[in-house]
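Open the model in your viewer and keep the selection tool at hand. Each stop below says what to pick and what is there.

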Amino acid sequence: MFVLLLTAAAVLLGSGVADRMSSGGSQIPGSESSYATKELEKRWPASQPNLLLLVSPSKTSGPSDGERSRSIDDPAVAAEARALARRLANESTVRGVVSYWDTRDAALRARDGREALITAHIRGDEDAVDAALERLEAKYRGEQGTIDVQFGGPAAVRHASQQVIADDLVRAEAIALPVTLVLLVVVFGSAVAALLPLLVGIVAIVGTNAVLRVITEFTDVSVYAQNLTTALGLGLAIDYALFIVRRHREELAAGREPRAAVAATLRTAGRTVLFSALTVAVSLASMFVFEQYFLRSFAYAGIAVVLIAAAASLIALPAALVLLGHRVDALRLPLRRRAGTARDPGAGWARLAGVVMRRAPLFVVGTVAVLVALGLPFKDVQFGTADDRQLPASAEPRVVQQHLRDEFPGSPGSSLAVLVEGQATRQDLAAYSGSVSRLPHVVQVTGPTGRYVHGQRVGAGMPAGASYLTVLHSGESTSRSSLDLVSGIRSLSAPFHTSVTGPAAVLADTQHGTAQRLPWALGIIAGATLVLVFLFTGSVLLPVLAVLVNALSLTAMFGAMVWVFQEGHLAGVLGFTPTGDIETALPVLMFCVAFGLSMDYGVFLISRIKEEYERSGDHLAAVVLGIRRTGGLITAAALILAVVMAAIGTSRVTNIKMLGLGVGLAVLMDAMVVRSLLVPAVLRLTGRATWWAPGPLRRLQQRAGLHEARPDSSFQPSRRTERPVSGRT
């Protein structure tokens, strides 16, 4: 009852959490670009437009036979556009309105003369910008007299992304929940047993949404974190509950009464779940070392969902198992009822382990070679930043941005801005502007002293008093040439202080900041894993093997990330637009998530092998029996989690698609290749040395009370108990 009340409260508290989340968070706070952006937005909002209105002659006004030749310089079109710009400038939430018809800036006019731009800056934080954008779209979007208006720019792209992600998440949950239930029924052969893991997953998702709702009161949280909440909420909760319920049913089948079966389950499987949850939580907590709230948000969501899933599995689920008793097997499938218990589902896994261990060197070399080969495409990775092409091709903000790329000189939506501070004479500014305009790929530089092209002044510039330059350049903001241009501008000497911002500058600072913090994150993951696995097993070798094997299990994910999403293979099948690069923060996120999930299955397998080794003292037999008991369980859990991640991967936003499909692939490779082939082969080669530890460390682990609980010696199992497997392989 207490759990039900908490869940109901979490539903109420977590409702509407998506409306309080943001879709930004990739910028490094305190970086040069972040500082310049804030200063420019505060002092000269026109320099940082976050709203672009693409204006074209209306298709329904004027003579029908003249529409194709009508220009944005037509008097009627120009008058309507000027009036719209004036109305927009009078909006309380809008500043810095700049119109082609008022400035005659060629950068704001399409080459064919059929489209032009009005740029503006919407004031406020992301929530205020989103609210203002909705009001502005209702007033100005669509046909406005003799003109048609489409909305684009960073604010419109961000708002559209949030809406698409929210809609896709609902669809993903609608796909994942029923498919997961069907798979659980097949795994357990009982509808009642199958419902328990699913209910634990729902509790984890609802509880995490409530936690995120509270966190949004104190800091920014990325809307992308909700997808991780759903994936890990269902995936990990089902993993933990699956492990608990399966072990409980084994104890019941061995002849224990329900309460004793639950106690035995918590001493063994419960301890495993606790250590697994701690390991996954530590992997996700490593994202706290990064400054971007995009990555920190996944740490908030991931840690919350892991701990809630573990708590529900170790507290609420055992209580439900005691109440159900033997009824946990109620509503069995007819086929499973007829089949009875004659067939041992673990026999095939035992045979596979025997084959692998007889040819251990061959399987180690072959498996490692295949995994390394699958990861080779990652050597060609190109890092970038997410843009409008993350959205579906039909989304209006993407259509506008594509028009800017195709039809306008330079790239007005991705220009650079240079903030000038300190004593600067007009001569100094003119000389500096000319130097910037001579850099490769610069189309023009506009500043207080004029407009410059290739070092020559070609026209009037900004109003007096403005202390910044706008640098229009060719190429995409994420291209190598744009990053080189940022470096070139920053390396120019000037008698005043300069700060560069813009999409390419933000990307350069993000790459630099991420690279600086990445070793710390990897060190935290590796160090914590080594310590936790040692405390769990008492072995010195197993923690090292766990880190190396888990890292190998992720190679296919990283290779596919580049081969599929960067280079565009299968783009038509999967429905996305390749941009030739990968979001800088995404590999970091996927590594932390996939490494934690890989450790999840590793802990499950190691715990059962260790339990059998402590019981029999036969290392080889323990490996075979551990795989026999957990092979089907880990595979079933991986399939279910892969289904959940594939459902997330149906998103129309490319980064979410990459996250879902990439982590799903990593989970399957870990369960079906690494745990089934590589791990037993490696353990065959390491032999009894697998369990060695120096005396002081062994005593430390035992004094800490972290050694495996001994089974109840007074209990005599029924004849259905499985006999130890011979260690001969």
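Which residue stands opposite Val471 in β11? Select Leu416: this is the residue facing Val471.

Before going further, note that this is a predicted model, in which local features need pLDDT of at least 70, side-chain atom pairs count only at pLDDT 80 or more, and totals for chains, interfaces and linings use all residues. Residues are numbered from 1 along each chain as its sequence is written, and side-chain values use heavy atoms, with hydrogens and water left out.

**Stop 1: strand β11**

Select residues 468–473, strand β11. Strands here are DSSP runs (E, at least two residues) and helices are runs of H or I (at least four), numbered from the N terminus. Of the 6 residues in β11, 5 are buried (under 20% relative accessible area with a 1.4 Å probe, protein chains only; exposed is over 50%, partly exposed in between).

Now add β7, residues 416–421. β7 pairs with β11 in the antiparallel sense over 4 bridges; pairing needs at least two DSSP bridges between two strands. Add β8, residues 442–447, which also pairs antiparallel with β11 over 4 bridges. Pick Val442 there: its bridge partner in β11 is His473.

**Stop 2: the open sheet**

Next, show the 5 strands in the order β2-β3-β1-β5-β4, an open sheet with antiparallel pairing. β2 (94–99) and β4 (142–144) are the edge strands, each pairing on one side only. Neighbouring strands are turned by 25 degrees against each other on average, direction ignored.

Zoom in on β4 and β5 (residues 147–152): 3 bridges join these antiparallel strands. One pair to label is Glu143 with Asp148 in β5.

Then select helix α3, residues 75–89. α3 lies across β1, β2, β3, β4 and β5, at about 165 degrees to β2. Axes are lines fitted to C-alpha atoms, for helices over the stretch in contact, with angles from 0 to 180 degrees between N-to-C directions.

**Stop 3: Arg249**

Go to helix α8, residues 225–253, and pick Arg249. Buried or exposed? Arg249 counts as buried, because its relative accessibility is 15%. Show its contacts (heavy atoms within 4.5 Å): Phe188, Val328, Asp329 and Arg332, not counting residues up to four places away in sequence.

**Stop 4: helix α22**

Finish with α22, where 25 of the 30 residues are buried. Centre on Thr630: α22 bends there by about 45 degrees, the angle between axes fitted to the seven residues ending there and the seven starting there.
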